[in-house]
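Work through the exercises below with the model open. Try each task before reading its solution.

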Amino acid sequence: MGTKLERIAEISAETKKPVFTSIYHLINAELLKQCHKELDGKKAVGVDKVTKEEYGKNLDRNIEDLVQRLKNKSFKPLPSLRVYIPKGNGKMRPLGIASYEDKIVQMAVKKVLEAIYEPRFLNCMYGFRPNRGCHEAVKEVYQRISYGKISYIVDADIKGFFDHINHDWMMRFLEWHIQDPNLLWLIKKYLKAGIMEDGKFESTEEGSAQGSVMSPMLANIYMHNVLTLWFKFVVKKTLKGDCFLVNFADDFVAGFQYKSEAEWYYSALKERMEQFNLELESSKSRLIEFGRFAETNRLSRGIGKPEAFDFLGFTFYCGKTRKGTFALKLQTSRKKFERKLKEYKLWIYDNRNRPVREIIKELNVKLVGHYRYYGVTWNYRRLCAFLHRVQQFLFKAVNRRGCRRAYTWGGFWEMLKCYPLAKPKTYYCLY
């Protein structure tokens, strides 16, 4: 099966406009069993409450039945279970949890779509792609601003992107390269599967459930057609100055050399989004003067340093090296910094009655995870500040476990010599 998908990827990469007319048969028992093996059995269950372990008890029979239903088109996806998780701004993010069998089929469809589209996605796309991630996107922005002629930044975010994907446009985009009616039928079935919330069924006339296996791939296909291809073949050919685009799912940053071109792009972007049922988040989208030349120009006009902007949890700002020359710097954004501290504080206080060595052992796992994401060039001091605040929370928490104060600060530091907290480290170099 891997060889067949690799062959599809080769055709997609080598053909100017590939069209696949017969690929539905690839979703067979072999691929579905492989997807079952790869799925995480610890994830939340859908509306039918079936777990991976329960489904796997009669795997051969279940897969055989599933393949038969897919062949005769009697397969019907179950609605996703709607749950909410808190966002950093205090709002709640809606997620859709599919049933386990639907997860298997969705992963199979994802693998087929990935073979077709991964070779066709542009290099400026970093979200939900193999061997690409947040750090690569951050590095690209850092290098383009540091070493290019960029003086203006359009920092944009799409309002409720996953909830407002237009189904008609989604199917039209897919039909450019996929003309297998059976596969298109299956994808449309999932788009229209609906959701269950508080025991009530709601139809889905737009959007793709965030949190499902297939949604990230569909989101990338949508953004590929709406944004990145448009930027490459329309925007860049219109402009005379230096420019770039970095896209991560529904977050993207564009840089420009000239103000007039940045303003034109920002205005055209709003119109472009409206054509495809999308809207920019006004509180998170803006045009700012930023970069090496922007700092010099602003200071000469007496209006101060350029504004900073946030991207993927980092704040980019204009700074200086020790020699006094310009340096683009970044640090953990204030919003993410405070949100993470709040999470750590709640966890420490909830676990304060456990043995200290156990608390620190688990806390170190959390800290290393934090360092691995935020441990990039220029952010070491911010990581040290984070560790210092966590130490303060831990000191206060262990002193509230009884009527008497357990530690003085001196005793606390002696205890940390025996059970040390993980120290900050720079894991990712942006140069």
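Buried means under 20% relative accessible area, exposed over 50%, and partly exposed in between (1.4 Å probe, protein chains only). The model is predicted: local features need pLDDT of at least 70, side-chain atom pairs count only at pLDDT 80 or more, and totals for chains, interfaces and linings use all residues. Residues are numbered from 1 along each chain as its sequence is written, and side-chain values use heavy atoms, with hydrogens and water left out.

**Exercise 1.** Find the salt bridge partners of Arg 354 and classify each residue by exposure.

*Solution.*
- Step 1. Apply the rule: a side-chain nitrogen of Lys or Arg lies within 4 Å of a carboxyl oxygen of Asp or Glu.
- Step 2. Arg 354 meets Glu 358 at 3.5 Å, N to O.
- Step 3. Arg 354 also bridges to Glu 362, with the closest N and O atoms 2.6 Å apart.
- Step 4. Arg 354 has a relative accessible area of 23%, so it is partly exposed.
- Step 5. Glu 358, with 34%, is partly exposed.
- Step 6. Glu 362 is partly exposed because its relative accessibility is 35%.

**Exercise 2.** How far apart are the closest N and O atoms of Arg 286 and Glu 307? Classify both residues by exposure.

*Solution.*
- Step 1. The closest N and O atoms are 2.8 Å apart, and the pair forms a salt bridge.
- Step 2. Arg 286 has a relative accessible area of 30%, so it is partly exposed.
- Step 3. Glu 307 has 43% relative accessibility and therefore counts as partly exposed.

**Exercise 3.** How many salt bridges does the rule give in total?

*Solution.* The count comes to 16.
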